[in-house]
Amino acid sequence: MKILVCDKTEKEAIERMRAAGLQVDVRDDITPDELPKVLPEYNGMVVRSRTKVRQPLIDVCPKLKVIVRGGVGLDTIDAEYARSKGITVMNTPMASSASVAELAIGYMFMLARSLYQATSSVKAEKWEKKSFEGDEIGGKTLGLVGIGNIGKEVARRANALGMTVVAYDPYVKQAEGVKLVTLDELLAASDYISLHLPKTKESAGMISKDQFAKMKNGVRIVNCARGGIIDEAALYDALTNGKVAGAALDVYAEEPPTDWKLEKLPNVIGSPHI
């Protein structure tokens with residue numbers, strides 16, 4: 001069985017595939033234009049976020065039997081169409097749970113203590129001590145939109161830090177250390193809101209103008225899930241009118257963004273979908 005690795009993948013994982021008797025070729029810099037010319041000779045492919053597997057690509061690969069995404073979610077793959085063609089589609093939902101949870105918690109600390117702004121001030125040889133006093137996240141309410149594998153890891157860490165954790169997830173009936181509430185209840189109660197759900201037809205744009213209006217003044221928002229779940233124009237307005245005190249974004253509607261005005265706001269910190 002011939003496997004094409006299309007994105008950066010740990011060497012250990014590649015060697016384990018080879019040890020299992022698979023022929024594995026690594027083309028982790030392959031471009032979208034090259035894929036339709038190369039992939040038809042392969043039975044399987046390994047991708048991450050960079051490579052998109054859409055219907056036109058699937059249609060020119062009659063030998064393809066399996067697509068594996070190293071990561072959470074399948075939004076970069078036309079998974080249902082692939083399955084309709086007899087192709088097995090899998091991901092690794094637990095692989096990055098702890099990493100994403102730690103990133104989200106780290107961002108909460110950064111927002112609470114203005115760490116990015118304080119560091120920038122010091123690097124500019126300024127001593128603006130009283131400008132960066134910040135506050136504690138202990139005792140605050142964290143609202144998790146989505147309480148799957150990653151959301152549960154965030155909740156565990158937040159509970160240990162003394163936060164009250166509430167969550168909205170219509171697909172979950174109970175979660176340890178978490179009070180399940182409606183989305184409106186979460187928006188009204190939370191000092192911090194962190195998103196941990198896939199982007200679907202239902203979730204796209206679900207945090208928009210109406211939802212921001214229901215939030216506490218001074219709420220802080222973290223999105224390490226998927227770009228497009230938050231309406232970025234509405235977020236920009238909420239950040240500039242004082243409704244949202246700060247936002248931390250690892251994901252964006254367009255990656256990389258073509259309009260950087262949101263990322264350039266002084267109360268926004270971010271990373272390139274790490």
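**Exercise 1. The sheet of 7 strands**

Task: In the open sheet of 7 strands, what is the strand order, and which strands stand at the edges?

Solution. Step 1: In this predicted model, the strands of the open sheet follow one another as β8-β7-β6-β9-β10-β11-β12, and the pairing is parallel. Step 2: The ends of that order are β8 (179–180) and β12 (268–270). Each of these two has a single partner strand, so one side of each is left without a neighbour in the sheet.

**Exercise 2. Following bridges through the sheet**

Task: Starting from Gly 143, which residue is its bridge partner in β9, and which residue in β10 is the bridge partner of that residue in turn?

Solution. Step 1: Strands β6 (residues 141–145) and β9 (residues 192–195) are paired in the parallel sense through 4 bridges. Step 2: Within β9, Gly 143 has Ile 193 as its bridge partner. Step 3: β9 also pairs with β10, again in the parallel sense and over 4 bridges. Step 4: Ile 193 has Ile 221 as its partner in β10. Step 5: The path can be taken on to β11, which runs parallel to β10 and is joined to it by 5 bridges. On that border, Val 219 stands opposite Val 244 of β11.

**Exercise 3. The burial of β10**

Task: How many residues of strand β10 are buried, and which residues lie on one side and which on the other?

Solution. Step 1: β10 covers residues 219–223, and 5 of its 5 residues are buried. Step 2: In a regular strand, side chains alternate between the two faces of the sheet. Step 3: On one side of β10 are Val 219, Ile 221 and Asn 223; on the other are Arg 220 and Val 222. Step 4: These residues are all buried, so that both faces of β10 are covered. The cut-off behind this step is a relative accessible area under 20%. Step 5: For the chain as a whole, 43% of the 274 residues count as buried.

**Exercise 4. Helices across the strands**

Task: Which strands do helices α7 and α10 lie across, and at about what angles do they run?

Solution. Step 1: α7 (residues 149–160) lies across β6 and β7 (164–168), and its direction makes an angle of about 175° with β6. Step 2: α10 (residues 232–240) lies across β11 (244–249) and β12, at about 135° to β11. Step 3: α10 is also part of a right-handed β-α-β unit, together with β10 and β11.

**Exercise 5. The sheet of 5 strands**

Task: What is the order of the open sheet of 5 strands, and how are its neighbouring strands turned against each other on average?

Solution. Step 1: The order is β2-β1-β3-β4-β5, with parallel pairing. Step 2: β2 (23–26) and β5 are the edge strands, each pairing on one side only. Step 3: With direction ignored, neighbouring strands are turned by 15° against each other on average. Step 4: Inside the sheet, β1 (residues 2–5) and β3 pair in the parallel sense over 3 bridges, with Met 45 of β3 as the bridge partner of Leu 4. Step 5: β4 (residues 66–69) and β5 (residues 88–91) share 4 bridges in the parallel sense, and Val 68 has Met 90 as its partner in β5. Step 6: β4, helix α4 (residues 79–84) and β5 form a right-handed β-α-β unit. Step 7: Helix α1 (residues 11–19) lies across β1, β2 and β3, at about 150° to β2.

**Exercise 6. Ser 49**

Task: Where is Ser 49 found, and with which residues is Ser 49 in contact, leaving aside its neighbours within four places in sequence?

Solution. Step 1: Ser 49 belongs to the loop between β3 (44–47) and α3 (55–59). Step 2: Its relative accessibility is 28%, and therefore Ser 49 counts as partly exposed. Step 3: Without those sequence neighbours, the contacts of Ser 49 are Asp 7, Arg 69, Thr 76 and His 273. Step 4: Lys 173 is 124 residues from Ser 49 along the chain, and their C-alpha atoms are separated by 30 Å.

**Exercise 7. Charges over rings**

Task: Over which rings do Lys 2 and Lys 261 lie?

Solution. Step 1: The charged end of Lys 2 is over the ring of Tyr 42, 4.8 Å from the ring centre. Step 2: Lys 261 lies over the face of Tyr 236, with 4.5 Å to the ring centre.

How values were computed
Residues are numbered from 1 along each chain as its sequence is written. This is a predicted model: local features need pLDDT of at least 70, side-chain atom pairs count only at pLDDT 80 or more; totals for chains, interfaces and linings use all residues. Side-chain values use heavy atoms; hydrogens and water are left out. Two strands pair if DSSP finds at least two bridges between them. Contact means heavy atoms within 4.5 Å. Axes are lines fitted to C-alpha atoms, for helices over the stretch in contact, and angles run from 0 to 180 degrees between N-to-C directions. A charge sits over a ring if NZ of Lys or CZ of Arg is within 6 Å of the ring centre and within 35 degrees of the ring normal. Buried means under 20% relative accessible area, exposed over 50%, partly exposed in between (1.4 Å probe, protein chains only). A crossover is right-handed if, with the strands pointing away from the viewer, the path from the first strand over the helix to the second runs clockwise.
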